[in-house]
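Trainee: Could you take me through one part of this model closely, and then show me how the rest fits around it? I would enjoy a long answer.

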Amino acid sequence: MKPATSACRIFTGSWLILGLLFGSNLHAEQVQLDVRLVNPTIKSGAKQTNYLRVALTGFDMPSDKERPPVNVALVLDRSGSMSGEKIARAKEAAITAINRLSDQDIVSVILYDSNVEVLVPATKASDRESIKAAIRSVQANGSTALFAGVSKGAAEVRKFLADDQVNRVILLSDGLANVGPKSPQDLESLGRSLIKEGISVSTLGLGLNYNEDLMVALASVGGGNHAFIEQADDLVAVFNQEFDGLLSVVANEFEINIDLDPSVRPVRLIGSEGDIDGQSVHIPLAQLYAKQERYFILETEIDAGESDTTRPVADVAVKYRNLKTETMDKLTSHVEVRFSDSDTEIEKARDLEILAYCTLQVTTERNRRATALRDAGQVQEAQKLLRQNADELSVVRLQCADAGVDVVLPELSQVEKSNSVQAESIIDVKKWGMLRKGMRAMQNRVEQQQTYGE
Amino acid sequence: MPLRYAIALLLLTVVPLVVIGWLGSRVVARQNEQQRAQLQRLMRSRLDELDQRFIALSRLYQTQLTANLSQADRNVDSLRDLRRQSPLVHATMLVDRDGRLIYPERPATDASHDILWHAVLSELARRRPIGAADDSKPADDRLLTSILSRKLATGRRSTAKQPPRQSRWQTCYHDNGLQLALWLPRDDQSATGVVLERGRWMADLIQSVPDSGEKGESFALHNSDNETIYRWGDPVPDDDAIRESIRMSAPWSSWSLSYALPESSQLQWPTAPWLPLAALLVSIVTCLSLLGIYLMTAMQRQMALAQQQVSFASHVSHELRTPLTNIRLYTDLARRDLAKSKESPTESAASKRLDVIEEESRRLSRIVSGVLEMVSGKNKLRLIQRVPDDVIRTTIESFLPSLQHRQIRTDLRLDASRAVQLDEDLLDIILVNLISNVEKYAGQGGRLEIRSAQTPSDTIIDIIDDGPGIPRSSIRKVFAPFQRLDDSLESPAGTGLGLAIARNAARRHDGDLVYVTKRQGAHFRLTLRHGNQVKSNADVPTFKRSQS
């Protein structure tokens, strides 16, 4: 396992801090739960917005041998547009991926054009040669029945669905879905259903002609990754990254529940899908990779309180399957808020690290809005939002740097830079197609806290 | 070829062709129609088969969700868990007896999507199916269990102990298409319901169809807007396909299933009868044309031949008549010269010989006249009072030398001694022809018997021999002109006109000549009628007329 990307480095950093906090490796084989508020102390006497962050960090698997088996469906687009270099690289990438699987893993290969063909039904990866031979024979033509491709991929995974393994559909497409359901809502709906079964979906978009909204929607509700692959040459590398993650899953079957105090109103989850029902918030999470930190930010509204009192805000309960120990583990946490009259005290108590993560998610949501505005032709407004993002991120970055919260700095500066570059490039009509894909990929990467990307 | 023959030939070939073609095309059309209908039925049954799978899927959903809803009852927490955990469930609902949505509450967020969904749920609640449930029972169908989540399939079955209430489907349109809701009504008119995850049931529909059709088949699943949701089997180009489609059963009744076969695959059977029919028509046309042409040419050849024969006979006869006339003239002159000279024994002998010459040339002249009469037209009868027996005797006398030479015995039993009106020449022609036949065919040492008899109106003459006779099958033919029974080189010389001339002469004499069937030899019977002679023009001799 190689923590090659910048995102990974951040998570490694936060893992170290957590390690220091707990002071020992006592829980080395357990997922770490961290629940914090941006403002642990708030002004008394008024209703206020506060952000709650629930973070989970995966432990490290001691060796590759103990990793849980994976059950993966490779769903490959073989429509006409894939012909030539693209299908050749896709085949190469798939074969590389097959090579990385062990005999215990289960793999299936599904091809789709206007029809869907199950090229390799779900099978143990032990007979690699025949699987690879089947992949080599693939030719490209026809249209793009993307929904059916994913459906069939999920069906193959479902054949050997088990709790103690990683269940994943990996979709590769370079074109617009033109046969069958093609709206992001329909794909989202499918992804939402699959995640409840413990099947996550990663989507890899190749070139400039795929529908990034659809692919991103599917990946984000499907608890998987999304990658924008500009050049077919990068396919193998991205497949490798996807498999790095896939092969390093340490926990799955998460049930994350946040129970809020009656005085706290859940407003929304920022950057992630979840189910808010009264005072109860449920967050789906398919799996956690080794050493990956995955966090969720809940915007809340806290009723007014008296100065110098504390009030419970939330009880967080997490259940998951530990793939190392093969047990169902349970974690709980409790968070309270303190009311104060003193602004300095409030300022001092502010958790800058959490603020940084919140800012990342909030600006990403704004980035999403900017994309929509640009789509609608409102270039100026979109540019304004992106500049505002860059400015806000810059302010937070400086604050964090001053306070010595270094762990968030690389991510902040990277996203800040992206936003300011986007703000300048967004005017160029010619570059919009590609820029948009980059923006959507970044939005998804930040929201999903993906372990690979730019 | 004369125009009318061409038209006849054309009709001969075209009429049957048109009739057969018309009948054939009707048969083919009917066959085509039947096969198309059969194909349509077949396609429909294939589609119905598929629809059964969807019905099974909806029953499975119904069974499982009914169990889930029964278990959750009116417990909001359980309903929430059901929504969060079941991959099949998008939303759960609890509605009071007045149709007000109790759960879920209106969302706290201002996300328009959530608000819209809540509005949709409220509307579903208000319009939920109430009253007696239809007859669709929750079926215990485990066939498709594999395509549903294990989470749903396990653990929850044991709870369905209370008598199952019947759940009801409801549909609406939201978020790009059809949404399915299932309601479980309660006795107090309140109800719990679920909205199914659209992406999930679409995926299940896709999964419940077979992976591929038979070769050449193409199936497709279409949504309410007739967009293709899923297509399987071999792709069939739109423009040359035979299609059939059916509406799907509830709850997907606004969706349809279609089946397509390439037109070319149909060619193999329903259109095939055209080929043998076309081949048949072509062969019939060919046969009829060949036959027609053959008949036409054969007939033409026959006609040309007959023409030739007739013109030959008439030519020869004319050519013969001139020298005959001269012979008779000079015979007459020789006789006068002889009369002027002195009487001597030689003179009387010469006179006798001249008599024979005259007699013979007269006879020959009559025969020639007969032939000419036969081929060139009808001279009037030259009737005079004559005894038929005398005529017979005169005729047979001239044949005696050659008959004796052939050792043919003659046996005359004559009993027609009453003089009647008759044309001596015609009778002579008839007898000459018949007797010369006997002379030719009866063979060595045969017998010729001539009988005659008279009734008040008729004279009957029988000419009988004991030669080979005429086979029964050829009797009709012998009277036709130019007919010779034996046309081989060894057969006796002849034109084939004799009997035809004889019968013709007999009929002109108001009589007839028939062949009397006999065990051995030939027997011709000549009947001459002399009661009321209509054709009386006795003063004009045939020869003189012909000569002049």
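Trainee: Let us start with one residue: is B:Gln189 buried, partly exposed or exposed?

Mentor: Happy to. Please keep in mind that this is a predicted model. B:Gln189 is partly exposed, its relative accessible area being 38%. You will find B:Gln189 in the loop of chain B that runs between β4 (177-185) and β5 (191-196). Its backbone deserves a look, since phi of B:Gln189 is near 75 degrees, a positive value in a residue other than glycine. As a rule, most residues other than glycine have a negative phi, and most peptide bonds are trans.

Chain B has further backbone features of this kind. Phi of B:Gln407 is near 60 degrees, again a positive value in a residue other than glycine. B:Gln407 sits in the loop between α9 (388-405) and β11 (409-413) of chain B, and with a relative accessibility of 54% it counts as exposed. The cut-off for exposed is over 50%, so the 38% of B:Gln189 leaves that residue partly exposed.

Next come the cis peptide bonds. One of them leads from B:Tyr103 to B:Pro104, with omega near 0 degrees. B:Pro104 belongs to the loop between β2 (101-103) and α3 (112-126) of chain B. Another joins B:Ala250 to B:Pro251, with omega near 5 degrees, and B:Pro251 lies in the loop between β8 (241-247) and β9 (256-262) of chain B.

A hairpin of chain B adds one more positive phi. Strand β6 (residues 218-222) of chain B pairs with β7(B) in the antiparallel sense, over 5 bridges. Within that pairing, B:Phe219 has B:Trp232 of β7(B) as its bridge partner. The hairpin has 5 residues between the strands, and there B:Asn226 takes a positive phi near 65 degrees. As for its surroundings, strand β7 (residues 228-233) of chain B has 5 of its 6 residues buried, so the strand is largely enclosed by the rest of the structure.

Stepping back to the whole chain, the secondary structure of chain B comes to 12 helices and 16 strands. Chain B has 548 residues, of which 44% count as buried. If you take the contacts in chain B between residues at least 6 apart in sequence, 68% join residues at least 24 apart.

Finally, there is the partner chain. The contact between the chains involves 36 residues of chain A and 35 residues of chain B. About 3,000 Å² is buried between chain A and chain B, and carbon and sulfur atoms give 44% of that area. On the side of chain A, the residues that lose the most area to chain B are A:Lys152, A:Lys196 and A:Asp277, together 20% of what that side buries.

The polar side of this interface can be counted too. There are 6 salt bridges between chain A and chain B. One pair in a salt bridge is B:Arg83 with A:Asp275, where the closest N and O atoms are 2.2 Å apart. Between the two chains, 21 residue pairs are in polar contact, both residues being at pLDDT 80 or more. Several elements of chain A each supply at least two residues to the side that touches chain B, including α4 (146-159), β10 (249-260) and β12 (275-277). The element that gives the most to this side is α5(A), with 8 residues. By residue type, the side of chain A that touches chain B divides into 12 nonpolar, 11 polar and 13 charged residues.

Notes
Residues numbered from 1 in each chain as written. Chains lettered and ligands numbered in written order. Predicted model: local features only at pLDDT ≥ 70, side-chain atom pairs only at ≥ 80, totals over all residues. Heavy atoms only, no water. Contact = heavy atoms within 4.5 Å. Buried area = accessible area lost by both parts, 1.4 Å probe. Salt bridge = Lys/Arg side-chain N within 4 Å of Asp/Glu carboxyl O. Polar contact = N/O pair within 3.5 Å; in protein donor to acceptor, adjacent residues only side chain to side chain. Helix = DSSP H or I, 4+ residues; strand = E, 2+ residues; numbered from the N terminus. Nonpolar A, V, L, I, M, F, W, Y, C, P; charged D, E, K, R; others polar. Buried < 20%, exposed > 50% of the residue type's maximum accessible area, 1.4 Å probe, protein only. Pairing = 2+ DSSP bridges.
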